[in-house]
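Open the model in your viewer and keep the selection panel at hand. The stops below are given in the order in which to select them.

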Amino acid sequence: MRLQSWLFLIPLLANLLGINLVLVSGQCQRDQQSMLLQLKNSLIFDSTLSVSLVQWSQSTDCCTWSSVDCDVAGHVIGLNLSFESISGGIENSTRLFGLQYLQNLNLAFNSFNEAEIPPRLANLTNLAYLNLSEAGFTRQIPIAISGMTRLVTLDLSTQSFIGSHLLKLEKLNLSGLVKNLKQLRELYLDSVNITANGDEWCQVLSSSLPNLRVLSLSSCFLSGPIHSSLANLQSLSVIRLDQNNLSSPVSEFLADFPNLNSLRLSNCGLYRIIGLDVCV
């Protein structure tokens, strides 16, 4: 296994084992710093509200910037630009897509003004964590996302607005999105318009994501009943299916997930409770 793969596994294992770990970063590589500064220049953001971007400067090592994580060789492996008041420029951010060592990317809680998710994100082949939640992206989820085979966490969730779902699966259905994401552990698609029946979405998830731990599909226009194949996902610790139209009894197998500690089924048309403390 390559060095960078081991470097990624260290914080992941530390988190699983409950160990507090401080990673040592190397001095930023010159080309990495140059790409980040060019990324800053391509983005449209409010400098009066920005916390991190506004402080990026040629005069300081990029590995010391609060929003940037580096490996010991000085390659940028983590980039957290959440809450940075970014409103545009992402589709032209060529340098972002050139950060080939990047493993974690967080663009959550920005305002991309109904831009589409850039398909070129798939060029970041080492990404394990991708968070685009509440970022103002809209329309079709690009097929390219399905090729990001190293993803462990995928978050495309957003708030549900009456009569409007900002992201949708249309040309790319749920199966097309997740079938290649075999390493996925956490899937957040809240308020993405999926529109699928119980036989479809349950069997797709159970056959494609055997190690899934978090399943969050609130307000996704899912219908029921919940198919028994979902019980194959024995690693699930979180299930959120509220605000859908499941229109069926609560399935008894929901009580049999050995690791389940959070279950949300409110306002989804379930009309019978068996051994579960759930508000419906």
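The tour covers a predicted model, beginning with its core and ending at one serine.

**Stop 1: the core.** Select Leu79 and Trp201. Within the largest nonpolar core, which has 77 residues, these two touch the most other members. Colour the elements that give two or more residues to this core: α2 (30-42), β2 (68-70), β3 (76-80), α3 (174-178) and α4 (198-208).

**Stop 2: Trp201.** Which residues is Trp201 in contact with, once its neighbours within four places in sequence are left aside? Show Leu174, Ala196, Leu217, Leu222, Ser223, Ile226, Leu230, Leu241 and Leu246 to see them.

**Stop 3: helix α2.** Select residues 30-42. The end C-alpha atoms of α2 are 19 Å apart; this agrees with the 18 Å that its 13 residues should span, because each residue counts for 1.5 Å. Now pick out Gln32, Gln33, Met35, Leu36, Leu37, Leu39 and Lys40, which are buried. An α-helix has 3.6 residues a turn, so residues three or four places apart point the same way. To find what the buried residues of α2 pack against, show β1 (44-45), β2 and β3.

**Stop 4: the hairpin.** Stay with β2 and β3, which form a hairpin with 5 residues between them. In the turn, select Gly74 and check its backbone: phi is positive, about 85 degrees. The two strands run antiparallel and are joined by 3 bridges. Asp69 is the residue to select for one pairing, as it stands opposite Gly78 in β3.

**Stop 5: the other partner of β3.** Keep Gly78 selected and add Asn104 in β5, which stands opposite Gly78. Strand β5 (residues 104-106) and β3 run parallel, with 3 bridges joining them. Is β3 mostly covered or mostly open? Of its 5 residues, 4 are buried, and the strand is mostly covered. In a regular strand the side chains alternate between the two faces of the sheet.

**Stop 6: Ser208.** Go to helix α4 and select Ser208. Its relative accessible area is 6%, so Ser208 counts as buried, the cut-off being under 20%. Where does its side chain find a polar partner? A polar atom of the Ser208 side chain lies 3.0 Å from the backbone oxygen of Val204. Finally, show Val178, Lys179, Leu181 and Lys182: Ser208 touches these, not counting residues up to four places away in sequence.

Definitions and conventions
Residues numbered from 1 in each chain as written. Predicted model: local features only at pLDDT ≥ 70, side-chain atom pairs only at ≥ 80, totals over all residues. Heavy atoms only, no water. Core = buried A, V, L, I, M, F, W, Y, C linked by side-chain atoms within 4.5 Å. Buried < 20%, exposed > 50% of the residue type's maximum accessible area, 1.4 Å probe, protein only. Contact = heavy atoms within 4.5 Å. Expected span 1.5 Å × (residues − 1). Pairing = 2+ DSSP bridges. Polar contact = N/O pair within 3.5 Å; in protein donor to acceptor, adjacent residues only side chain to side chain.
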